[in-house]
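Subject: Handing over the structure, with notes on its interior

Dear colleague,

I am passing on the structure we spoke about, together with some notes on what was found in it. Please keep the model open while you read, so that you can look up each residue as it is named.

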Amino acid sequence: MDNMKYMKPGQFNPYQLRLVAWEITRTCNLNCIHCRAAAGRGPYSGELNTDQSLNLLDQIANTGKPIVILTGGEPLLRHDIFEIASYGTRLGLRMVLATNGTLLTPEKVNRIKYAGIQRVSISLDGATPEEHDPFRKVPGAFQKAVRGVELLKAAGIPFQINTTITRQNAEKIQKILEMVIALEAVAHHIFLLVPTGRAKEMRDQEIHAQEYEKLLHWFYEKSRGIPIHLKVTCAPHYYRVLRQEAHRKGEEVNLDAYGLDAVTRGCLGGTGFAFIAYHGQVQPCGYLELDCGNVKNETFTAVWNNSEVFQQLRNPNLYQGKCGRCEYLKVCGGCRARAFEKTGNYLAEEPLCVYQPG
């Protein structure tokens, strides 16, 4: 990160592709109020077919060896999901699956296992049906998701729980974490609401900046003493909090003490992460709907190396407001999607950060 610099198209790209989230379909069986894609029953025209999908995996493998998250919509609604996952596994990619869990059956769980999918994430936004189902707008979603968790556990497939934090559940996060531990998940990932897609109707459900900061400090303390891995997404200033807390305690932020949190960055959009929409559009992330190229017209490798938007996100000198002045810029970066939704400028300062640069 210390060698960040602006690159002209065609120059060697020093940025390692670490994560790709691929919206393999936008069709979904739920109607979640916080869905970044406003996904529905579909069908959606323009979805990549099987041959295009396999070719895309070839291109991703030629770009790097990232984790590939098969997401949606609901990816289990794709008839060829296991063919695609198996192909990615054979290419040496780490294939993982993001599902709402309601469609899991013993047969599908077995196919997940034999396709080489190495982890499954299931979203739970409450610790009870009364808390979770209103997010999904489908009665019984909680029970079906938990049943899916039990099937994964019985098959020995590692799974994590994802939770989107809003004002509706922020005060219940301790209870949700206790449920996640009881379910024997390997990790709990929390996502701070970004008001895009259907979630634009939930702008008033974003927690305030002070609450945000308090939550991140709580998360830091919890991460030090529980038996599972905790990770925050769409909350890049956690990596500033981590370093502040370590400094306060006289600790070093290193792999021994902090694991991968010691070497990763807050916002990876365009620097270590890319999102591919169902119709082939490449974006910095799923919440930042900027057209950086389309894999139907050019290779994923070309987009990753040459996209002007990606190049700008890799240049810290272009960041504006207090993010541009912040000593933690290279480990945080601010949420580019939240900045864009607030100002129309993806290089503007993160609007939900209380920190004033020193």
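Before anything else, one term is needed: a residue counts as buried when its relative accessible area is under 20%, and as exposed when that area is over 50%. Please also bear in mind that this is a predicted model.

With that cut-off in hand, we can start with R240, which lies in helix 8, the run of residues 238–248. Is R240 buried or exposed? Because its relative accessibility is 2%, R240 counts as buried. If its neighbours within four places in sequence are left aside, R240 is in contact with E213, Y328, C353 and Y355.

One of those contacts, C353, leads on to the cavities, of which the structure holds two of 30 Å³ or more. The largest cavity has a volume of about 120 Å³, and of the 14 residues that line it, those closest to its centre are K322, C323, C326, C332 and C353. Sorted by class, its lining has eight nonpolar, three polar and three charged residues.

The second largest cavity has a volume of about 30 Å³, and its lining is made up of I165, L192, L193, E206, I207, Y212 and L352. Here the classes are six nonpolar, no polar and one charged.

I207 appears again in the lining of the second largest pocket, alongside R167, A170, E171, I173, Q174, E211, K214, L215 and W218. The elements that give two or more residues to this lining are helix 6 (173–182) and helix 7 (209–223), and the largest share, four residues, comes from helix 7. This second largest pocket has a volume of about 260 Å³, and by class its lining has five nonpolar, one polar and four charged residues.

Finally, there is the nonpolar core. In soluble globular proteins, nonpolar side chains tend to be buried together. In this model the largest nonpolar core has 96 residues, and the members that touch the most others are W22, L57, I60, L70 and F300. Which residues does W22 touch, not counting residues up to four places away in sequence? On that count, W22 touches L48, S53, L56, L57, I69, L70, T71, I84 and I276, and you may find W22 a convenient place to begin looking at the core.

With best wishes

Terms used:
Residues numbered from 1 in each chain as written. Predicted model: local features only at pLDDT ≥ 70, side-chain atom pairs only at ≥ 80, totals over all residues. Heavy atoms only, no water. 1 Å grid on protein atoms, 1.4 Å probe; cavity = no way out; pocket = protein on both sides within 12 Å on 5 of 7 lines; lining within 4 Å. Points joined across faces, edges and corners; volume = space filled by probe spheres on them. Nonpolar A, V, L, I, M, F, W, Y, C, P; charged D, E, K, R; others polar. Core = buried A, V, L, I, M, F, W, Y, C linked by side-chain atoms within 4.5 Å. Buried < 20%, exposed > 50% of the residue type's maximum accessible area, 1.4 Å probe, protein only. Contact = heavy atoms within 4.5 Å.
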